[in-house]
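Colleague: I am new to reading protein models. Could you walk me through one?

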Amino acid sequence: MSSEVAARRDAKKLVRSPSGLRMVPEHRAFGSPFGLEEPQWVPDKECPRCMQCDTKFDFLTRKHHCRRCGKCFCDKCCSQKVALRRMCFVDPVRQCAECALVSHREAEFYDKQLKLLLSGATFLVTFGNSEKSDTMVCRLSSNQRYLLLDGDSRHEVEVTRIAAVQMLAEGVPLGEKDMHTYSSLPGSQPAAEGGNARATGMTLQYTAPGAEGVTQLKLTAGEDANGSRRQATAWLVAMHKAAKLLYESRDQ
């Protein structure tokens with residue numbers, strides 16, 4: 001990738017919306033796949049009462065719009081100002097109690113997991129049905145749109161083309177099996193989060209540009225004593241969280 005193309009991918013601009021200042025990509029096509037679009041606000045004339053507590057709006061009781069869901073609330077029900085990074089707001093913005101709780105939970109992804117994904121980790125990588133595995137560093141690109149795999153060769157996987165993610169985990173034996181898998185598709189509950197399993201790898205299914213069908217990629221954390229196994233395990237857990245946000249963005 002040329003430096004000019006990379007700079008174009010990462011270029012950003014400051015814009016003002018009715019909800020506040022946002023730092024957004026210069027080119028919409030290069031926006032983060034984890035981002036959310038600003039909601040349409042419920043028109044003032046359609047909400048004479050708070051949509052949470054049913055208090056009637058008047059001269060003393062003003063109405064406020066939640067910047068995340070766009071609904072109308074009184075000050076009591078929409079008083080929190082919380083960072084909303086998925087919409088690229090520069091400053092914390094007003095949100096209703098329900099949305100503020102979600103935004104607080106997502107802050108952990110941006111403060112912890114995203115940093116892990118950007119820094120990368122070392123895995124044994126297997127493409128398709130190949131019996132050969134290559135040692136590669138896998139990391140998320142700075143604009144969060146690509147998984148970059150670097151080793152003897154270099155590969156890119158566009159995040160928006162990922163169709164399914166499945167974690168491989170080692171934990172408490174299940175019957176005669178000591179390995180089990182779980183998917184990050186909506187509604188699933190990852191076994192590794194239960195405390196009895198340790199993530200050991202991940203399979204990704206994605207569509208490659210110009211290729212027919214689905215391509216599979218397998219990442220396996222290696223066994224070593226220098227800390228890279230721990231880094232790889234943390235990266236896998238972070239990628240699982242990223243997959244959840246990705247599916248939420250698609251379902252918006």
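Here is a short tour, from the whole chain down to single residues and a pocket.

Modeller: This is a predicted model, where local features need pLDDT of at least 70, side-chain atom pairs count only at pLDDT 80 or more, and totals for chains, interfaces and linings use all residues. Residues are numbered from 1 along each chain as its sequence is written, and side-chain values use heavy atoms, with hydrogens and water left out.

Colleague: How many helices and strands are in the chain?

Modeller: Helices (H or I, at least four residues) and strands (E, at least two) are DSSP runs, numbered from the N terminus. The chain has three helices and 14 strands.

Colleague: What share of the residues counts as buried?

Modeller: Buried means under 20% relative accessible area, exposed over 50%, and partly exposed in between (1.4 Å probe, protein chains only). Of the 252 residues, 39% count as buried.

Colleague: Where does Gln95 lie, and why is Gln95 called buried?

Modeller: Gln95 sits in strand E6, residues 93-95. Gln95 is called buried because its relative accessible area is 0%.

Colleague: Which residues is Gln95 in contact with?

Modeller: Contact means heavy atoms within 4.5 Å. Setting aside neighbours within four places in sequence, the partners of Gln95 include Cys66, Arg68, Ser79 and Ala100. Take Ser79: Gln95 and Ser79 are 16 residues apart along the chain, and their C-alpha atoms are separated by 6.9 Å.

Colleague: Arg68 caught my eye. Which side chain does a polar contact join to Arg68?

Modeller: A polar contact is a pair of N or O atoms within 3.5 Å; within protein, one must be able to donate a hydrogen and the other to accept it, and residues adjacent in sequence count only if both atoms are side-chain atoms. Here the side chains of Arg68 and Glu106 are joined by one of 2.8 Å. Glu106 belongs to helix H2, residues 97-119. Glu106 counts as buried because its relative accessibility is 5%. Not counting residues up to four places away in sequence, Glu106 also touches Arg86, Leu245 and Glu248.

Colleague: What lines the second largest pocket?

Modeller: Rolling a probe the size of a water molecule over the atoms shows where empty space is left. Lining residues have an atom within 4 Å of a pocket point. Arg68 is one of the lining residues of the second largest pocket, and others include Met51, Phe73 and Val102. Helix H2 gives the most to this lining, with four residues.

How values were computed
1 Å grid on protein atoms, 1.4 Å probe; cavity = no way out; pocket = protein on both sides within 12 Å on 5 of 7 lines; lining within 4 Å.
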